[in-house]
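Here is a short tour of one model. Look at how its helices pack and how its strands pair.

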Amino acid sequence: MTIHTIRRIVLGSAVALGLAAGPALAQTQVTILHPLPLNSHYGAGATALKESFERATNNRFRVQIQRNDNEREAIESVQIGTAECVITSTGPVGNFVPAVRNVDVPFLFRDYAHARGVLDSDIGQWLLEQFRPRGLVGVIWLENGFRHLTNSRREVHTPADVRGLKVRTMENQVHMRAFQTLGAQPTPMAFSELVPALQQGTVDGQENPIPVIVANNLNQVQRFLTLTAHVYSPAVLICNPGFIGRLSAADRAAFQEAARAAQRANRDRVTADEQTGVEELRRRGMTVVTQVDTAAFQAALAPAFQVYERELDGNLLRRIREWRP
Ligand code: EAX
């Protein structure tokens, strides 16, 4: 048998095998947007979702994690379907789903256990159901964390120290009113604009949870940190209704399980960052004010609380405050 004949037989077999196997199984790509580094509490959640969903569907779905640090734009992408899902803080969400503004009220949540308990309860489920009429699917509550104030000008101990500071806020009317009531100059902008604004001195300060400050090295553009814990910042996994609607019942169950895996990984990372982040920021050179007169901040915000009771859902706010495990 000539070498030519052997090559023809081998090639013929390979083609036959290839055709017999048929085209490779089609893979569906799922893009998840989020605004932070992959090594962050959001990245931990997105990675856990990716691993769980790909494993449960035998890689029929490929999850692509993409950073987009403009949360409002990312939510709009999910709304029109150019991305399937987004992990975002509730910062801009109230502009899409007004009921969500209720969870952005300062000093509403007592601690992490209270916040997680409320969001995992029927209250949190009702809030997720408010996404659907707005062309979005609220899949599960995740976590950004308790927000603290940083600035480049001075130590902040009392509400009076906040007066006159130009503070970047999220595009969130509830937060803006709070800082206005404290006598600061709230300057709303997307996270993507924050570091340049701090570098150029367009704003003096900003407020974010420890995990965000650490993950984005905000210590490089902010000198002072005050542990105000003035508001708990939920995060949420939002998906496009068409994407969710096209999933089979089995794949939807797998996606929901993957979302629960994301919540566990995200919250575990926040817990870890809360334990080490403040010391890490001191090590990086920040001056940290830990003794904060919370009662003074709450008293100074009384006029804002009156507006929230009137303009938001006073009954829902009361249920949240009164919630017990
Ligand atoms: O969601 O914009 C913000 O300050 C958010 O906390 C940040 O994007 C993480």
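## Helices α2 and α11

Helices α2 and α11 cross in a right-handed sense. The model is predicted. Helix α2 covers residues 41-56, and helix α11 covers residues 249-283. Their axes come within 7 Å and cross at roughly 150 degrees. An angle over 145 degrees counts as roughly antiparallel. Therefore α2 is roughly antiparallel to α11.

Which residues of α2 meet α11? They are His-41, Tyr-42, Ala-44, Gly-45, Ala-48, Leu-49, Ser-52, Phe-53 and Ala-56. On the α11 side, the residues met include Asp-251, Phe-255, Glu-257, Asn-266, Arg-269 and Val-270. Several alanines of α11 also take part, among them Ala-254, Ala-258 and Ala-262. By class, the contact of α2 with α11 has 14 nonpolar, four polar and three charged residues.

## The unit around α2

Helix α2 also belongs to a right-handed β-α-β unit, together with strands β1 and β2. Strand β1 spans residues 28-34, and strand β2 spans residues 61-67. The two strands pair in the parallel sense, over seven bridges. One pairing puts Gln-29 opposite Arg-62 in β2.

## The unit around α7

A second right-handed β-α-β unit is made by β5, helix α7 and β6. Here α7 is residues 173-181. Strand β5 is residues 166-169, and strand β6 is residues 185-188. These strands run parallel and are joined by four bridges. Thr-169 has Pro-188 in β6 as its bridge partner.

Strand β5 has another parallel neighbour, β7, at residues 205-209. How many bridges join β5 to β7? There are two bridges. Arg-168 is partnered by Gln-206 in β7.

## Helices α7 and α13

Helix α7 packs against helix α13, which is residues 302-311. The angle is about 150 degrees, and the axes lie 9 Å apart. That angle makes α7 roughly antiparallel to α13. The crossing of this pair is right-handed.

Four residues of α7 are listed in the contact: Val-174, Arg-177, Ala-178 and Thr-181. They meet Pro-303, Ala-304, Val-307, Tyr-308 and Glu-311 in α13. The contact of α7 with α13 divides into six nonpolar, one polar and two charged residues.

Notes: Residues numbered from 1 in each chain as written. Predicted model: local features only at pLDDT ≥ 70, side-chain atom pairs only at ≥ 80, totals over all residues. Heavy atoms only, no water. Pairing = 2+ DSSP bridges. Right-handed = clockwise from strand over helix to strand, strands pointing away. Axes fitted to C-alpha atoms, helices over the stretch in contact; angles between N-to-C directions. Parallel < 35°, antiparallel > 145°, perpendicular 65-115°, else oblique. Left-handed = near helix turned anticlockwise from the far one by under 90°. Contact = heavy atoms within 4.5 Å. Nonpolar A, V, L, I, M, F, W, Y, C, P; charged D, E, K, R; others polar.
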